[in-house]
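Thank you for asking me to look this model over with you. The points below are meant to be read slowly, with the structure open beside them.

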Amino acid sequence: MPFYRHVGEIPAKRHTIFNTPDGGLYTEELMGEEGFNYDSALLYHRYPPTALKAIEAVEYEEQPTEPNHPLKPRHFRTHQLKPGGDPISGRHLLMANDDCRISYVVAGQSSGLYKNAIGDEMVYIEAGSGTVETVFGRLPFTAGDHVLMPASTIHRWVIDGSAEDSFRALVLESTGHIGPPRRYLSRNGQFLEHAPYCERDLKGPTEPFTEEGEDVDVLVRHRGGMTRFVFRHHPFDVIGWDGCLYPYTFSIHDFEPITGRIHQPPPVHQTFEAPNLVVCAFVPRLYDNHPRAIPAPYHHANVDSDEVLFYVDGNFMSRKGSGIEAGSISLHPGGHTHGPQPGSVEASIGQAGTEELAVMIDTFRPLDLGPGAKDSEDDKYAWTWLEGR
Ligand SMILES: [Fe+2]
């Protein structure tokens, strides 16, 4: 999605003869969204990307979900969730609806090759570092990065360290495509001046990444379940590509906050959008400078949203006395009015700024609760707005 990029060798003209050193032909693949009518990339493979030696159904049980009933604001302490697996297999499903799945993963192993054929993924790295290896090239990542992985991109997570909690991340799996808010882009897709980040802040692959191998397994998540494809040749055989569709990273620390004289509404914090949801970043910033400003947010009823806030770091000013800590996730569902905990409004007056770091996902359809939510819930949270508690 973001903007035109060219990596490695490509022919001068698309859909023309492109010879390998031994006089053969590279195989051209167009990977595109919305049926040839949206962003795409042209990739040049050493081997046909279609040569499969085996296709196997994978035994897989979807993590069950149930409605948020009775309707309650919720608090999940993700750091209570058990480490295990890798950045793909270790996902504890917290919440889900027909548009997305939101998971938390704490893992100490690198993953195998994988592609999510249902939609794009956004993985926010809470802790850890490493590299995501993809057919487009390699993407180094570290804490604070959002890793944006387009649907059907074959990739694997290689993490630094081997402690069981080397890697911590919040995972958003969309059923559609995730990209910057349309309102921040020109008609031709360039970031506009009022956008809180721009092209220079997006880090894409810089060179091809190839690997030789035969009979290579790729796990495919699709609408019918999980399937294992066994490729004749290693799918990391792309020697060049160009286009506007590729994986990239964006660090939360490169988000330039928009502030004002009085409280700015959450849309100023928006980083990404996807069908029926938005993603926002709350970063260290100066508070409102009107002499009578109240920096804490007002109470609000998001009648069309379920609001998921992942508290990463800093002092969570509006949640005083609520039990919220680093790694906490709050869910404030549509139909519930929420706001600062008692005393937070008064405490915010006169403060110069905040060091908070948080990622928010607002969905426009209600979220059901998964096993990760049940395993980490602080069931006292709903009562933390009571005075004198
Ligand atoms: Fe809110």
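**Notes on the predicted model**

1. Please keep in mind throughout that this is a predicted model. A good residue to begin with is E307, which counts as buried, since its relative accessibility is 6% and the cut-off for that word is under 20%.

2. E307 is also one of the residues that hold the iron ion, which is coordinated by H300 through NE2, by E307 through two entries of OE, and by H338 through NE2, at 2.0 to 2.5 Å. Along the chain, these donors follow the spacing H-x6-E-x30-H. E307 belongs to strand β23 (residues 306-313), whereas H338 sits in the loop between β24 (328-332) and α1 (344-348), so the pair ties together parts that are 31 residues apart in sequence.

3. What is the geometry of the site of the iron ion? The site is irregular, with angles of 55 to 169 degrees among the 4 donor atoms; to count as tetrahedral, all angles would have to lie between 85 and 135 degrees. As for H338, this residue is buried, with a relative accessible area of 1%.

4. Turning to another part of the model, you will find an open sheet of 4 strands, in the order β1-β18-β3-β2, with antiparallel pairing. The strands β1 (5-8) and β2 (27-32) stand at the edges, and because each has a single partner strand, one side of each is left without a neighbour in the sheet. On average, and with direction ignored, neighbouring strands of this sheet are turned by 15 degrees against each other.

5. The pairing at one of these edges can be followed in detail, for β1 and strand β18 (residues 238-243) pair in the antiparallel sense over 4 bridges. Within this pairing, V7 stands opposite W241 in β18.

6. The last residue I would ask you to examine is T354, which is found in strand β25 (residues 353-354) and is buried, with a relative accessible area of 5%. Which residues does T354 contact, leaving aside its neighbours within four places in sequence? They are V283, P284, R285, Y287 and N315.

7. It is also worth comparing sequence and space for T354, as T354 and F282 are 72 residues apart in sequence and 9.7 Å apart in space, taken from C-alpha to C-alpha. Finally, a polar atom of the side chain of T354 lies 3.0 Å from the backbone nitrogen of E356.

Methods
Residues numbered from 1 in each chain as written. Predicted model: local features only at pLDDT ≥ 70, side-chain atom pairs only at ≥ 80, totals over all residues. Heavy atoms only, no water. Pairing = 2+ DSSP bridges. Helix = DSSP H or I, 4+ residues; strand = E, 2+ residues; numbered from the N terminus. Axes fitted to C-alpha atoms, helices over the stretch in contact; angles between N-to-C directions. Donors = N, O, S within 2.8 Å, 3.2 Å for Na, K, Ca; no water. Tetrahedral: all angles 85-135°; square planar, octahedral: opposite > 155°, others 65-115°. Buried < 20%, exposed > 50% of the residue type's maximum accessible area, 1.4 Å probe, protein only. Contact = heavy atoms within 4.5 Å. Polar contact = N/O pair within 3.5 Å; in protein donor to acceptor, adjacent residues only side chain to side chain.
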